[in-house]
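User: I would like to go through this structure and ask, for each label, what justifies it. Please set the values against the cut-offs.

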Amino acid sequence: MHTQKLFYEDCSLRQFTACVTGCQKTDKGYAVTLDRTAFYPEGGGQACDTGILGSARVLDVRESDGQIIHLCDSPLSPGETAEGRIDYDRRFDLMQQHSGEHIVSGIVHKRFGFHNVGFHMGADVMEVDFDGFIPPEAIAQIELEANKAVWANLPVRCWYPSPEELPHVTYRTKRILPWPVRIVDIPDIDTCACCGIHVAATGQIGIIKILSCVKFRGGVRLEISCGARATTYLNRIFEENRQVSQAFSAKPLETGAAAHRMNELLAAEKFRCAGLQKQLFEKLAADYTGKGDVLVFYPGLTSAEIRELAEKIASSCNGTAAVLCEGKGRLDVCLVNLHGDVKELGSAMSQALGGRGGGKHGFFQGSLTTDRKAAEDFFARFGFDIS
Ligand SMILES: [Zn+2]
């Protein structure tokens with residue numbers, strides 16, 4: 001028996017009563033059927049409604065052969081009259097997204113002739129795919145036109161044209177559909193075959209925001225957000241920008257320029273620091289001229305800097321330079337000898353001081369799980385000059 005679809009008769013219906021016509025236990029809950037329902041089943045890219053039916057929670061709603069099946073968390077008795085209440089906040093959000101998508105798709109189709117070939121309503125944003133390239137500079141125009149359609153508060157008409165009327169209706173569709181076809185029309189904006197539920201008038205959408213446009217499968221993918229979802233998202237961006245504005249002491253509309261300036265400043269400072277460090281390492285290395293094997297502790301170096309310092313010292317000490325740097329719970333180490341092998345020393349050190357790492361011939365780099373004192377004792381045994 002077909003279920004009477006109250007959601008098509010009144011898209012704002014939140015509460016209704018119906019007679020339970022069946023209830024079957026499944027592995028996910030209880031599959032309940034009614035003689036009529038305001039619960040929209042998943043379909044046309046729109047997620048299903050959830051809510052309360054009698055004393056049960058409605059977790060999922062599907063349609064099968066004209067019958068709407070409500071997956072409930074507890075059973076209902078066939079023959080009983082149950083009151084249904086849909087989660088209208090969720091439904092209204094989904095209607096705002098879906099109607100907003102029709103407006104954008106209609107405008108893109110009118111302006112460019114491209115078709116909506118993919119539609120996904122995610123938890124945060126909607127993704128809509130078009131089969132042609134939309135230049136990025138056109139996005140702001142499309143968005144403005146879409147919002148003008150919202151401000152005009154146009155009626156959204158959903159109906160089933162008769163077999164005689166249907167051939168005279170021009171509408172967007174992904175495939176040839178058998179009669180009856182449900183048409184959703186927004187005057188001068190869009191006419192589309194669709195089984196979803198829509199707001200009664202476009203003003204209810206509130207706002208349409210196109211968040212991004214990227215190339216996708218020979219066309220583009222737009223990320224769109226409408227209504228309360230869009231304002232929530234934009235408020236989050238606003239708050240992030242407020243923090244950036246405060247951190248950079250920049251006006252809210254000048255944070256981008258401030259971030260670019262900061263990046264340039266940072267790059268210049270890095271360059272200056274690298275120059276100063278080079279000079280410092282050369283000066284340090286000069287102190288070890290002709291000293292033979294030396295152990296040097298130096299704080300706060302990256303692994304590249306440890307290697308650079310070890311190579312500089314090795315070039316002046318005429319022996320093996322061992323540079324150690326205290327890291328988080330470990331000692332970073334680099335051994336360099338420009339004229340000899342450090343392989344044996346490296347493996348003895350790894351064994352004695354819990355080391356890891358590797359290298360070749362006159363070079364070894366790694367880390368030790370030991371403290372400074374134990375490391376000094378080890379290198380002292382090998383005759384290193386400790387400084
Ligand atoms: Zn639709």
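User: Which residue stands opposite Leu53 in β8?

Analyst: In this predicted model, Gly84 of β8 stands opposite Leu53. Leu53 belongs to strand β5, residues 51–53.

User: What makes β5 and β8 a pair?

Analyst: Two strands pair if DSSP finds at least two bridges between them. β5 and β8 have three bridges, in the antiparallel sense, so they meet that requirement.

User: How do you know that β2 pairs with β8?

Analyst: By the count of bridges again: five of them join β2 (residues 15–26) to β8, and the two strands run antiparallel. At least two are needed, so this is a pair. One of the partnerships is between Thr17 and Glu83 of β8.

User: What makes the side chains of β8 an alternating set, and which of them are buried?

Analyst: In a regular strand, side chains alternate between the two faces of the sheet. Strand β8, residues 81–86, follows this: Ala82, Gly84 and Ile86 point to one face and are buried. Thr81, Glu83 and Arg85 point to the other face and are not buried. The word "buried" requires 20 or more other C-beta atoms within 10 Å.

User: Why are α4 and α5 called oblique?

Analyst: Two packed helices are described by the angle between their axes and the distance between the axes. For α4 (residues 227–248) and α5 (residues 255–286) the angle is about 50° and the axes are 10 Å apart. Roughly parallel would need an angle under 35 degrees, and roughly perpendicular would need 65 to 115. The value for α4 and α5 fits neither range, so the pair is oblique. The crossing of α4 and α5 is left-handed.

User: Which residues make the contact between α4 and α5, and how do they divide into nonpolar, polar and charged?

Analyst: Asn241, Val244, Ser245 and Phe248 in α4 meet Thr255, Ala258, Ala259 and Met262 in α5. Five of the contact residues are nonpolar, three are polar and none is charged.

User: Why are α7 and α8 oblique?

Analyst: The axes of α7 (residues 343–353) and α8 (residues 372–381) cross at roughly 140° and come within 11 Å. That makes α7 oblique to α8, because roughly antiparallel is kept for angles over 145 degrees. α7 passes α8 in a right-handed crossing.

User: Which residues meet between α7 and α8?

Analyst: Met349, Ala352 and Leu353 in α7 meet Ala374, Ala375 and Phe378 in α8. This contact has six nonpolar residues, no polar ones and no charged ones.

User: What makes β11 and β13 edge strands?

Analyst: The open sheet has three strands in the order β11-β12-β13, with antiparallel pairing. β11 (157–159) and β13 (190–193) each have a single partner strand, so one side of each is left without a neighbour in the sheet. The twist averages 15° from one strand to the next.

User: How do you know that β12 and β13 pair, and what lies across them?

Analyst: Four bridges join β12 (residues 183–186) to β13, and the strands run antiparallel. Since at least two bridges are required, the pairing holds. Asp185 has Thr191 of β13 as its bridge partner. Helix α2 (residues 88–112) lies across β12 and β13, at about 110° to β13.

User: Why is Asn153 called exposed, and what about His361?

Analyst: The cut-off for exposed is 12 or fewer other C-beta atoms within 10 Å. Asn153 has 12, so Asn153 is exposed. His361 has 10, and is exposed too.

User: What is noted about the backbone of Asn153 and His361?

Analyst: Asn153 has a positive phi of about 50° although it is not a glycine. His361 likewise is not a glycine and has a positive phi of about 45°. Asn153 is found in the loop between α3 (136–151) and β11, and His361 in the loop between β19 (355–360) and β20 (363–368).

User: What makes the peptide bond from Trp179 to Pro180 cis?

Analyst: Its omega is near 0°. Pro180 is in the loop between β11 and β12.

How values were computed. Residues numbered from 1 in each chain as written. Predicted model: local features only at pLDDT ≥ 70, side-chain atom pairs only at ≥ 80, totals over all residues. Axes fitted to C-alpha atoms, helices over the stretch in contact; angles between N-to-C directions. Left-handed = near helix turned anticlockwise from the far one by under 90°. Contact = placed C-beta atoms within 7 Å. Nonpolar A, V, L, I, M, F, W, Y, C, P; charged D, E, K, R; others polar.
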